[in-house]
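Dear colleague,

Please find the structure below, handed over for your own work. My notes on its pockets and on two local elements come after it.

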Amino acid sequence: MKIRVEKAEQLKVKPDEDKLGFGKHFTDYMFVMDYDEGQGWHDARIVPFGPISMSPASMVLHYAQETFEGLKAYRTPDDRILLFRPEMNAKRMRNSNKRLCMAEIPEEMFVEAVETLVAHEKEWIPHLEGTSLYIRPFIFATEVAVGVHPAISYKFIIILSPVGNYYPEGVNPIKIYVEDEYVRATKGGTGFTKCGGNYASSIAAQEKAGKLGYTQVLWLDGVERKYVEEVGTMNVMFKIDNEIYTAPIDGTVLPGVTRDSCIALLKEWGYKVHEEHFTIDFLMKAAREGKLEEAFGTGTAAVISPVGELNYKGEIAMINDFKTGELTQKLYDTLTDIQWGKAEDKFNWTYEVKR
Ligand SMILES: *Cc1c(COP(=O)(O)O)cnc(C)c1O
């Protein structure tokens, strides 16, 4: 792929590495590429990060053909730059786009675009322990038209944001509200895609949980509100009687890269992993009987998020005395050590950025 570079007139002052937060700062440049029917993807370019000008009739603003991805670049102690399984993000984005009838990006092109932009912006990858560069690729319909149909033109953009350590004071459990009114996804819908539309419809539940003092919601299935699916921006796993339970990937749950990696590690460590439907009643019963030993969310941003409390219709399940479980901590340590290039990468998950 030919990628032209447009120079910025002035570079930004980089933020303090110990006050980065998440998604607040953006680097000097972004990657942009256009798609037009008949022409395919064209005009790949790295240009200064800044506003884009669009027609108010751009189709994305009316019919929400938009998909996105999220991954990170990590700086290793010996100053190499690693990505974590970027080909999985590339593949997932193609699947999302297929479902939304949007132009797909070939996987090699996606990875090359990410790698080239990250190499260009490498000075922005922070050095402090636990920090990284968050990568946000997204695609949206740009065709100027009012009227529902698959758009004939799209933009693919990648922006980068240096992000802080998610757990500056060590891994900390969160409280989760089991949502029994709103739903996120149903069979035949878009639950398995990473699209903005899924999030737009989830905000109401998030707000409700927030007002009650909960960090995230646990979604139940969209038909019976009975089977456990996932947490706001994470997949979720439960350790019950020394076995692991998580919802299967069969249309409604997002196929997380972190989820897949955790399952591989857990199996390697000899755990039985049930990727199957199980009910919230099964979970609450296990909690009552003292068999719900650990619970954790999995996702790129936090890696592993221990769950210390569940609230289902007013019944509270406390998990592991609101402390991070042993297995939860081991998964967090193992995954982050691989991602930051500090441990052997048996599964060949890391991808070194050439520069
Ligand atoms: C992105 C996302 C996840 C986590 O996926 P990872 O690839 O592990 O980051 C889980 N659930 C939803 C709804 C998501 O959007």
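The notes below begin with the conventions and then turn to the pockets.

This is a predicted model, in which local features need pLDDT of at least 70, side-chain atom pairs count only at pLDDT 80 or more, and totals for chains, interfaces and linings use all residues. Residues are numbered from 1 along each chain as its sequence is written, and side-chain values use heavy atoms, without hydrogens and water.

The largest pocket (an open set of points on a 1 Å grid over the protein atoms alone, where a 1.4 Å probe fits, with protein on both sides within 12 Å along at least five of seven lines) holds about 640 Å³ of space, the volume being that filled by probe spheres set on the points. Of its 40 lining residues (those with an atom within 4 Å of a point), Tyr134, Lys194, Tyr199, Thr233 and Ala301 are the closest to the centre. Domain 1 (4–163) and domain 2 (174–340) both contribute to this lining, so the largest pocket lies between them; the domain bounds come from an automatic or database assignment.

The second largest pocket has a volume of about 290 Å³. Closest to its centre, among 17 lining residues, are Leu128, Glu129, Gly130, Trp340 and Lys342. Both domains give residues here too, so the second largest pocket also lies between them.

Strands S16 (residues 303–312) and S17 (residues 315–318) run antiparallel, joined by four bridges; strands are DSSP runs of E, at least two residues, numbered from the N terminus, and two strands pair if DSSP finds at least two bridges between them. Their hairpin has two residues between the strands, and Lys313 in the turn has a positive phi of about 50°.

With kind regards
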